[in-house]
Amino acid sequence: MSSAQLYDTIGAAYTVTRRTDPRIAARIWAALGDARTVVNVGAGTGSYEPPGRDVTAVEPSALMRAQRPADAAPCVAADAESLPFEDQSFDAAMAVSTVHHWRDPIAGLRELRRVARRVVVFTCDDSDTGWRRRFWLTRDYLPEVAGLLAGRPSLTEMADAIGARTEPVLVPWDCADGFFEAHWRRPEAYLDDRVRRGVSVWARVGPEAERRAVRSLRDDLVSGRWAERNRDLVALDAAELGLRLLVT
């Protein structure tokens, strides 16, 4: 299923739980530097689009485009791998929580590099099995996530493709953006169907795995097993869960 098809299927309530987290936004916007013209690829409903700059959005899903606010940046229907812009059309290109949906991440990243002088990408180091062990949801309840990552390029391969450096991004405990790892210190959130519907992972692992994971997590929260197993998390204000910025 393509990115557009996936979000045309699951994206109807995306704006309920997926919002700009100001701390992560500050990191992304700082990485954009003094760029005045910015193309936001895989823009979704417009989260993280920087204010005070000339932004052009690119989003393949019609359902996601329809949920963009009336005052959001103009949006073009296109795929990351084939951007309809001339070389060096923008000061910067950004992509937030979208590369893992691209049919060919390397080709998409090279397209960003082609159309802009600077590239800023917010993604996850899927090649680091350590984060899957650190994150209790994948470790204890949803091991199927590992299968979703098979064949994907590593973070190093993606960075090398565009000559980018990598920067770690910690996930605050009260993260406003409900992406997959966001509720690492708020496990009850994963019992909420609205939270899960805003994260493509749940659709991709399938309903059987989702039902099993939710049932097991609910049982462990009631019994106190989750709290005992993850007692060290309570003292943390932010967690290292493999999220990264690629910056050229």
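Helices (H or I, at least four residues) and strands (E, at least two) are DSSP runs, numbered from the N terminus. This is a predicted model, in which local features need pLDDT of at least 70, side-chain atom pairs count only at pLDDT 80 or more, and totals for chains, interfaces and linings use all residues. Residues are numbered from 1 along each chain as its sequence is written, and side-chain values use heavy atoms, with hydrogens and water left out.

**Exercise 1.** Find the cavities and describe what lines them.

*Solution.* Start with the term: on a 1 Å grid over the protein atoms alone, a cavity is a set of points where a 1.4 Å probe fits but cannot get out, and lining residues have an atom within 4 Å of a point. Grid points are joined across faces, edges and corners, and a volume is the space filled by probe spheres set on the points.

Step 1: the whole structure holds 2 cavities of 30 Å³ or more.

Step 2: the largest cavity has a volume of about 370 Å³. Of its 22 lining residues, His100, Cys124, Phe180, Glu181 and Val201 are the closest to its centre. At least two lining residues come from each of β5, α8 and α11.

Step 3: sort that lining by class, counting Ala, Val, Leu, Ile, Met, Phe, Trp, Tyr, Cys and Pro as nonpolar, Asp, Glu, Lys and Arg as charged, and the others, Gly among them, as polar. You get 12 nonpolar, 5 polar and 5 charged residues.

Step 4: turn to the second largest cavity, with about 70 Å³ of space. Its lining includes His100, Cys124, Leu155 and Met158. Two or more of its lining residues come from β5 and from α9.

**Exercise 2.** Work out which face of helix α9 is buried.

*Solution.* Step 1: apply the cut-offs, with buried meaning under 20% relative accessible area, exposed over 50%, and partly exposed in between (1.4 Å probe, protein chains only).

Step 2: α9 spans residues 155-162, and Leu155, Met158, Ala159 and Ile162 are buried. These buried residues line one face of α9, because they fall within an arc of 95 degrees seen down its axis (the arc is that of the directions from the helix axis to the C-beta atoms).

Step 3: check the opposite face, where Thr156 and Asp160 are exposed.

Step 4: look at the cover over the buried residues of α9, which includes α5 (105-115), β5, β6 (165-168) and β9 (contact means heavy atoms within 4.5 Å).

Step 5: finish just after α9, where glycine 163 takes a positive phi of about 65 degrees.

Notes:
1 Å grid on protein atoms, 1.4 Å probe; cavity = no way out; pocket = protein on both sides within 12 Å on 5 of 7 lines; lining within 4 Å.
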